[in-house]
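Thank you all for making the time this morning. I would like to walk through one structure with you, strand by strand, and I will put it on the screen now.

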Amino acid sequence: MRKQILSITIAAILLATACTLTLPELTQSANLPQRAGVSQLGRGALTNYYAARWKSSGTSARSIAIAPDGTVWLAADSLKGVEGIFRFDGNDWDYYDSCAGAYATTIALDGAVWFGCIGQALRFDGTEWTQYTMRNGETNNCVYAIAAAPDGTMWFGTDSGLRRFDGEQWTIYTAKNGLVDDYILSSVIAPDGSLWVGTGQGVSRFDGEKWTTFTTEDGLAQNSVWSIAVAADETLWFGTQNGVSRFDGVNWTSYTTQDGLADNFVWSVAASPDGTLWFGTSRGLSHFDGESWTTYTTADGLPGEVVSSVAVAPDGTLWFASSGGYISHYIKTLER
């Protein structure tokens, strides 16, 4: 299904405005994850970091981003108040509480780190924080997804549409313009420069001029798409509530628990430089090498059953967040 795009450029009316923030001081140090030891997971070593307060407060790391220098950034939200931005430099954790309901984070090509929160997006260039408020009339928008394009353009998926920022102007896209749905859960930039957006009603692709939508009728496993990743072979992978789907530009292929996936509810998908993929599900962590599946659960040493976020570092090691207040760093042992 193809629809012509009609864009709304925000120039004079600033629905998103910027202001400089003072870098927050480290607060509530008891909330910071502490190293909880190293254990074995399959053919690899697993280093777990645990924050006891996180478990009691319902804190969950919704998104993990890893900078080229290996710095780990977490966007965490909570049911009872322990939420915000966490940074790990390899030795110490830092906590910034300036992002209520932190849902998304990504690294832009200029090295800046972006975060999506309730009613705002934050940008950190290493020294200075810049805030962009996200409002729809009197209502704060929740920013659930962020994608950084090669030309520096930033895309923000919210609960009321998509916002594009070119560094100066904002453009808003909604279902009226061609999106399959305004409630956006995930997004990614494909190798050809197109934007892919996951919603609760399917996936929409934007090539810069028009939108194309894909749903279960086209081969998608399920229409609620929580995560999208680009594999090393440039295929696209979509994590849904009923399995994971692969799209090679022509054909759709879906995988479920019948194929070896840990659970059909896939929260997060991450692509590794070696061409393999990792999937965070509601019942464990799955790894797919293109032919066979390997699943890790609490029975194998996984610290928590629900894996809400997965990210692969530049060195190929894995970071993931699991239930119970754990952040884990996994180094897989190479087979000889």
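Before I name any pairing, let me say that two strands count as paired here if DSSP finds at least two bridges between them. Please also keep in mind throughout that what you see is a predicted model.

With that criterion in hand, consider strand β24, residues 225-230, which is joined to strand β25, residues 236-240, by 5 bridges, with the two strands running antiparallel. If you would like one pair to locate on the screen, take Ala229, whose bridge partner in β25 is Trp237. These strands belong to an open sheet of 4 strands, in the order β24-β25-β26-β27, and the pairing in this sheet is antiparallel. The edges are taken by β24 and by β27, residues 252-255, and because each of these has a single partner strand, one side of each is left without a neighbour in the sheet. On average, and ignoring direction, neighbouring strands of this sheet are turned by 20° against each other.

Staying with β24, I would like to look at Ser227, which lies in that strand. Is Ser227 buried or exposed? Its relative accessibility is 9%, and the cut-off for buried is under 20%, so Ser227 counts as buried. Its side chain has a polar atom that lies 2.9 Å from the backbone nitrogen of Val269. Leaving aside residues up to four places away in sequence, Ser227 touches Ser186, Trp237, Phe238, Gly239, Trp267, Ser268 and Val269.

Those contacts lead us to the next sheet, since Ser268 and Val269, both touched by Ser227, fall within the range of β28, residues 266-271. This second open sheet also consists of 4 strands, ordered β28-β29-β30-β31 with antiparallel pairing. Its edge strands are β28 and β31, each of which pairs on one side only, and the twist averages 20° from one strand to the next.

Within this sheet, let me concentrate on β30, residues 284-288, where 5 of the 5 residues are buried. Both faces of the strand are covered, with Gly284, Ser286 and Phe288 on one side and Leu285 and His287 on the other. Towards β29, residues 277-281, there are 5 bridges in an antiparallel arrangement, and a hairpin joins the two strands through 2 residues. Towards β31, residues 293-296, there are 4 bridges, again antiparallel, and here the hairpin has 4 residues between the strands, including Gly290, which has a positive phi of about 105°. It may help to follow His287 across the sheet, as this residue is the bridge partner of Trp278 and is itself partnered in β31 by Thr294. Phe288, for its part, has Trp293 as its bridge partner in β31.

Let me now turn to Ala311, found in strand β32, residues 307-312. With a relative accessibility of 7%, Ala311 counts as buried. Although Ala311 and Ala270 are 41 residues apart along the chain, their C-alpha atoms are separated by 5.6 Å. Apart from residues up to four places away in sequence, Ala311 touches Ile64, Ile66, Ala270, Thr317, Leu318 and Trp319.

Several of those names come back when we ask which residues of the largest nonpolar core touch the most other members. Of the 16 residues in that core, they are Ile64, Ile66, Val72, Leu74, Trp93, Trp319 and Ile327. The elements giving two or more residues to this core are β6 (60-66), β7 (72-77), β8 (84-88), β9 (93-96) and β33 (318-322). Ile64 touches, among others, Val72, Leu74, Ala311 and Trp319, not counting residues up to four places away in sequence.

Finally, a word on the cysteines, where I ask how many disulfides the model contains. With a cut-off of 2.5 Å between sulfur atoms, the count comes to 0. For Cys142, the nearest cysteine sulfur is that of Cys117, 9.7 Å away, and Cys142 is in no disulfide. Cys142 is nevertheless buried, its relative accessible area being 11%.

That is where I will stop, and I am glad to go back to any of these strands on the screen.

How values were computed:
Residues are numbered from 1 along each chain as its sequence is written. This is a predicted model: local features need pLDDT of at least 70, side-chain atom pairs count only at pLDDT 80 or more; totals for chains, interfaces and linings use all residues. Side-chain values use heavy atoms; hydrogens and water are left out. Buried means under 20% relative accessible area, exposed over 50%, partly exposed in between (1.4 Å probe, protein chains only). Contact means heavy atoms within 4.5 Å. A polar contact is a pair of N or O atoms within 3.5 Å; within protein, one must be able to donate a hydrogen and the other to accept it, and residues adjacent in sequence count only if both atoms are side-chain atoms. A nonpolar core is a set of buried Ala, Val, Leu, Ile, Met, Phe, Trp, Tyr and Cys residues joined through side-chain atoms within 4.5 Å. Axes are lines fitted to C-alpha atoms, for helices over the stretch in contact, and angles run from 0 to 180 degrees between N-to-C directions.
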